[in-house]
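Biologist: I am new to this structure and would like to go through it slowly. Could you show it to me before we begin?

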Amino acid sequence: MISEWISKASQLKDPLVEVADKVENLPAKINWLLLGCALQQGINLAELQSFLIELQKEIGDVAELPAPAENVILSAISKCKLNDWSLAPQTAGIIWSVGRFVRVRKNRLELWAASHSPSDIWRECSEIFYMGKSSALRPKILNFLHRLVSFSPMGAGALPPLPASAGARRWLIQTKAYNSEESPKEKLKTVNSLYKELFPKKPALACHALQFFAEPVNENSHFCQRIYPCNLCPVAEYCRWSK
Ligand code: SF4
């Protein structure tokens, strides 16, 4: 039952990959993906997706010069009703920092990715403002690396652990497997064991799918309702959001 839900939920498109894929050329897609991952903090997936879509109306490529004006960014924040978002005051700085990071790599992140190992990419991305200095695990970069495979190969080397998500945390809480006392490192280990347990053949699919578990699209709906109505959902017994 659970594996059936995971197989179906894993077919939902990652909202940040979907937005990045809207632009035409590959380097710009990766730039948008990197920006989306750098901004994924204190915001749900649907809000972040609509904010990126709003930005794309004004900005073709995150790395182009002149860098986007602060008032353009603030106006997109305001249009998306994100004024209370904890990262709103830093958003312009993050966008500019991603742009600089990309320009230093000659605006060809696909070439840079293909010639760098995942651990080198993980280390270099921490240069970006708000992308990992406060956490040794750099969860935003883990997200970037695992999403990057949709667009570009990377140099040789093992990928780091799969990232956690709000949906995976909700799952752990609902199944009473969440332990708030664990350190961030232990939590990451727990969530990776969960992915393995739920879908041993391909834990990355469980990781992808669980980000949609009871993840709000708006006040009245969740991403997971796109695959099953709640009354037919095979994981409803774990879900207190069931309608
Ligand atoms: S019961 Fe409804 S809200 Fe809960 S996981 Fe299933 S589809 Fe999503």
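Biologist: Which helices cover the buried residues of α9?

Modeller: This is a predicted model, in which local features need pLDDT of at least 70, side-chain atom pairs count only at pLDDT 80 or more, and totals for chains, interfaces and linings use all residues. Residues are numbered from 1 along each chain as its sequence is written. Helix α9 (residues 139-148; helices are DSSP runs of H or I, at least four residues, numbered from the N terminus) has 10 of its 10 residues buried, so it is largely enclosed by the rest of the structure; buried means that 20 or more other C-beta atoms, placed from the backbone, lie within 10 Å of a residue's own. The cover, counted by contact (C-beta atoms within 7 Å), includes α2 (15-20), α3, α7 (109-114), α8 (118-125) and α12 (203-210).

Biologist: Is Leu74 buried or exposed, or does it fall in between?

Modeller: Leu74 belongs to helix α5, residues 70-79. Exposed would require 12 or fewer neighbours, and partly exposed is the range between that and buried. Because Leu74 has 15 C-beta neighbours inside 10 Å, it counts as partly exposed.

Biologist: How many residues surrounding the ligand are charged?

Modeller: The ligand is surrounded by 13 residues (each with its C-beta atom within 6 Å), and the closest are Cys224, Cys230, Cys233, Cys239 and Ser242. With Ala, Val, Leu, Ile, Met, Phe, Trp, Tyr, Cys and Pro taken as nonpolar, Asp, Glu, Lys and Arg as charged, and the others, Gly among them, as polar, the shell holds 10 nonpolar and 3 polar residues, while the charged ones number none.

Conventions: Helices (H or I, at least four residues) and strands (E, at least two) are DSSP runs, numbered from the N terminus. Two residues are in contact if their C-beta atoms, placed from the backbone, lie within 7 Å.
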